[in-house]
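The exercises below are intended for a reader who meets this structure for the first time. Please attempt each task before reading its solution.

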Amino acid sequence: MANVSTLRFGAQTDEVTSLLRIVNMVRLGEAVTRPEIGRVTGLGRGVVAQRVDRAVEMGFLEDAEYAPSSGGRAPRTLRFRAERGRIVVCALGGQHIHVGVTDLEGEILDEDHRAWDISRGPEETLKTATGMVDGLLATGDGTPVWAIVVGLPGPVDFETGRPVAPPIMPGWNGFDVRGTFETRYDAPVWVDNDVNLLAAGERARRRDEGVDLIYCKVGTGIGAGLVSHGRLHRGANGAAGDMGHVRVPGAEHVCRCGKIGCLEAVAGGWALVRDARAAIDGGATGTLADSFAEGDMLSLEKITLAASRGDALATSLVQASARQVGEAVAALVNMFNPSLIVIGGAVASTGELFLAEVRHRVYELSLPLATRDLLIKTSENDTREPVRGGVDLALEQLFEVSLPRWFGEGRPTVAAVHGLGGSPSS
């Protein structure tokens, strides 16, 4: 049987390949007894026993309860030891920071949320975010961090973990976000667009389907996460799905990115606040206008709440946003042909008011073949969704992409996962 040194530095032998497969099969629940593993893999009873013993010795698996008997001796089940490591997800939005800590199966153990303006810059923002992470880890039992996922509200070069010219994040372009977290926590880090985390969360619910989906987030800004046959599509430079900066014909508003007529400048949350203020200044009436006259500050939350309660001005603003978003989504449907579109974000929290208008525009403007089997729905509207999506991304990278590089170490290391000097793949 191979020793740790062989596993660490050797080539991908049949023994190592089957060992990795068995660990993942148990982790995913595809086969959880030794007889099941033998049937699925085609490996002999003795070989399965050796591989399982090795996985147990390395700390990945352990024996659990007995399975129901099918006539003979009841086989003992195996379980993946999800308690051995922690996953940290740090979701940065335009106006908030959300941090969560989970085990290796994605069970959320602790979390924290704080209002925050991303435009305050990378140093101050990441200092605050890592402080939140430190606070959560300090209340834990000292189990090591195996992976960290950071979501950012802008394009990200996934290979380097650096933002790429993010329109609403001044000072962030090219900043080494991944390096900041890896240096502090000595764990591999993946940085991605925040909407990709939400798309990954939706994908996790349909992991066996090889789903094609679009997650469209309409909040302060607008963006989309694209999943193609079960895989996140990021594009050549991390800009895939940045639909908020598609030009709207005839629109003349200046966008926060500096360009004219972007979808976000017409239909994003900050644009709705701008238009609401202009309408009230022009004499619009209703509950939203009354609250503003009484000294309340206009905000996206107040607009969506007023729309949900039937305020005419707020309703018209939300429906106008939905029409523009629906047109942009229709173009994506014609090009991408998804089976599912999920609409989320603060503006979309108005539910059917927003969704009905999006559906109408998509079905009106898209090709019949592209919409024949298309489902359009709102998101679960759960504040934990970014954390769940981040966990799905971390597990994909740890156990589907990089597992052969770090498996022999017993736990992931920064060098091994990212293929740096001294890694098992070198």
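Three exercises follow, each with a worked solution, on a predicted model.

**Exercise 1. The protein as a whole**

Task: Determine whether the radius of gyration of the protein agrees or disagrees with that of a compact globule, and describe its overall make-up.

Solution.
1. The chain length sets the expectation: for 426 residues, a compact globule would have a radius of gyration near 22 Å.
2. The protein has a value of 24 Å, which agrees with that expectation.
3. For the extent along the principal axes, the C-alpha atoms fill a box of roughly 80 × 45 × 35 Å.
4. The secondary structure consists of 17 helices and 14 strands.
5. Of the 426 residues, 52% count as buried, a class that requires under 20% relative accessible area.
6. Among contacts with a separation of 6 or more, 60% are made by residues 24 or more positions apart.
7. The accessible surface amounts to about 18700 Å², and carbon and sulfur atoms contribute 49% of it.
8. Finally, the protein carries 43 positive and 54 negative charges, whose mean positions lie 4 Å apart.

**Exercise 2. The surroundings of T41**

Task: Locate T41 in the secondary structure and state which backbone atoms its side chain approaches.

Solution.
1. Helix α3 spans residues 34–41, and T41 lies in this helix.
2. A polar atom of the T41 side chain is 2.7 Å from the backbone oxygen of I37.
3. The side chain of T41 also reaches the backbone nitrogen of L43, at 3.2 Å.
4. Both distances, 2.7 Å and 3.2 Å, can be checked against the cut-off for a polar contact, which is a pair of N or O atoms within 3.5 Å.
5. When residues up to four places away in sequence are set aside, T41 touches R21 and M25.

**Exercise 3. Two residues with positive phi**

Task: For A165 and D186, give the phi angle, the loop in which each is found, and decide whether each is buried or exposed.

Solution.
1. A165 is not a glycine, yet its phi is positive, at about 45 degrees.
2. The loop that holds A165 runs between β8 (162–163) and α6 (177–185).
3. A165 counts as exposed because its relative accessibility is 52%, and the cut-off for this class is over 50%.
4. D186 likewise is not a glycine and has a positive phi, of about 50 degrees.
5. D186 is found in the loop between α6 and β9 (189–193).
6. With 57% relative accessibility, D186 therefore counts as exposed.

Definitions and conventions
Residues numbered from 1 in each chain as written. Predicted model: local features only at pLDDT ≥ 70, side-chain atom pairs only at ≥ 80, totals over all residues. Heavy atoms only, no water. Helix = DSSP H or I, 4+ residues; strand = E, 2+ residues; numbered from the N terminus. Polar contact = N/O pair within 3.5 Å; in protein donor to acceptor, adjacent residues only side chain to side chain. Contact = heavy atoms within 4.5 Å. Rg over C-alpha atoms; globule rule 2.2 N^0.38 Å. Buried < 20%, exposed > 50% of the residue type's maximum accessible area, 1.4 Å probe, protein only. Areas by Shrake-Rupley, 256 points an atom, 1.4 Å probe, with all protein chains shown as cover. Lys, Arg positive; Asp, Glu negative; His and termini not counted. Charge placed at Lys NZ, Arg CZ, Asp CG, Glu CD.
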